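These are my notebook entries on a structure that I had not examined before. I record in turn what I looked up and what I found.

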Amino acid sequence: MNKKLVTALSGGAALVLALSGCGGGGEDDKKVDAWAKTVCDDIQPQLKKIQSANAAIQRAEDEQDSKKLQQTDAQAFQEIAEAYRALGSSVQKAGAPPVDDGAQTQKAAVKELNGTAKAYEDLKTTVEKLNTSDKSEFAAGLKGIVEELKKLSTSGGKALAQLQAGKVGTSMSQQKGCQRPTGAAVPEPTA
């Protein structure tokens, strides 16, 4: 059952990777570059934290002890929630990007990041409440979490995509802190 959890969770990782800079080009706007650097300097540790939490869930995918699996998943969800909340704080602290509708774009991105953090906090609470003494009940509970993760991975992303579009996205893609962390790869969803 945890394999489905890993698959669903990997879809959620795509949401944060929208911030990992996927633009190109070369418009040189110093104000945009300065804004992107401010945000990107804070992003890399959070991306690594999310990857590490995803890796912990992957390592536990064949765990037979429901209690250990519960603890691993709860800890991972907490770490992911903290990372998303920190990402939201970074975008908030940086101020509005110096582009058209920058304030609106920033506000939407912060709201989305904080909403994602809250969703992972809720998943942590849900997994902690699962009955680990009954394997079938626990499995059913995990199935519900998988469904929530699927919803989470397909919702949102629009505000982040808008944040990293155009000049801002180009500038973010050039910042080392916004580049995908090396190490544990983020798996692609298989189901």
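**Entry 1: terms for burial.** Before reading any residue, I fixed the vocabulary: a residue is buried under 20% relative accessible area, exposed over 50%, and partly exposed in between. I also noted that this is a predicted model.

**Entry 2: overall make-up.** I looked up the secondary structure and found seven helices and zero strands. Along the sequence, the pattern reads α-α-α-α-α-α-α. Of the 191 residues in the protein, 46% are buried. The exposed surface comes to about 9500 Å², and carbon and sulfur atoms supply 49% of it. I then turned to contacts with a separation of 6 or more, and 85% of them join residues 24 or more positions apart.

**Entry 3: the nonpolar core.** How many residues does the largest nonpolar core have? I found 40, and those with the most contacts inside it are W35, F77, Y84, Y120, I145 and M172. I next asked which helices each supply at least two residues of this core. They are α2 (30–59), α3 (66–94), α4 (102–129), α5 (135–154), α6 (158–163) and α7 (166–174). The largest share, eleven residues, comes from α3.

**Entry 4: α3 against α4.** I looked up how these two helices pack, and their axes are 8 Å apart at an angle of about 165°. Angles over 145 degrees count as roughly antiparallel, so α3 is roughly antiparallel to α4. Their crossing is left-handed.

**Entry 5: the loop between α3 and α4.** I checked D101, which is found in the loop between α3 and α4. D101 has a positive phi of about 60°, although it is not a glycine. Is D101 buried or exposed? I recorded D101 as exposed, because its relative accessibility is 52%.

**Entry 6: Q70.** I moved to Q70, which lies in helix α3. Its relative accessible area is 5%, and therefore Q70 is buried. I listed what Q70 touches, not counting residues up to four places away in sequence: V127, E128, K129, L130, T132 and F138.

**Entry 7: two glutamines of α2.** I looked up Q44 and Q51 together. Q44 lies in helix α2, and the place of Q51 is in helix α2 as well. With a relative accessible area of 17%, Q44 is buried. Q51 has 8% relative accessibility, so Q51 also counts as buried. For each glutamine I noted one distance to a residue further along the chain. The C-alpha atoms of Q44 and L87 are separated by 9.6 Å, with their positions 43 residues apart along the chain. Q51 and E79 are 28 residues apart in sequence, and their C-alpha atoms are 9.9 Å apart in space.

**Entry 8: α2 against α7.** I then examined a second helix pair. The axes of α2 and α7 are 9 Å apart, and the helices pack at an angle of about 50°. The pair is therefore oblique. The crossing of α2 past α7 is right-handed. On the α2 side, the contact is made by V32, D33, W35, A36, V39, C40 and I43. On the α7 side, K167, V168, S171 and M172 make it. I noted that W35 and M172 had already appeared among the core residues with the most contacts.

**Entry 9: C40.** I followed C40, a residue of helix α2. At 0% relative accessibility, C40 counts as buried. Which residues is C40 in contact with, leaving aside its neighbours within four places in sequence? I found M172, Q175, G177 and C178. C40 and M172 are 132 residues apart along the chain, yet their C-alpha atoms are separated by 6.8 Å.

**Entry 10: Q179.** My last look-up was Q179, which lies in the segment after α7. Its relative accessibility is 35%, which falls between the two cut-offs, and so Q179 counts as partly exposed. Q179 and C40 are 139 residues apart in sequence and 8.5 Å apart in space, C-alpha to C-alpha. I closed the entry by setting the two residues side by side: C40 is buried, whereas Q179 is partly exposed.

Key: Residues are numbered from 1 along each chain as its sequence is written. This is a predicted model: local features need pLDDT of at least 70, side-chain atom pairs count only at pLDDT 80 or more; totals for chains, interfaces and linings use all residues. Side-chain values use heavy atoms; hydrogens and water are left out. A nonpolar core is a set of buried Ala, Val, Leu, Ile, Met, Phe, Trp, Tyr and Cys residues joined through side-chain atoms within 4.5 Å. Buried means under 20% relative accessible area, exposed over 50%, partly exposed in between (1.4 Å probe, protein chains only). Helices (H or I, at least four residues) and strands (E, at least two) are DSSP runs, numbered from the N terminus. Contact means heavy atoms within 4.5 Å. Accessible areas come from the Shrake-Rupley method with a 1.4 Å probe; for residues, only the protein chains shown count as cover. Axes are lines fitted to C-alpha atoms, for helices over the stretch in contact, and angles run from 0 to 180 degrees between N-to-C directions. Angles under 35 degrees count as roughly parallel, over 145 as roughly antiparallel, 65 to 115 as roughly perpendicular and the rest as oblique. A crossing is left-handed if the near helix is turned anticlockwise from the far one by less than a right angle, and right-handed if clockwise.
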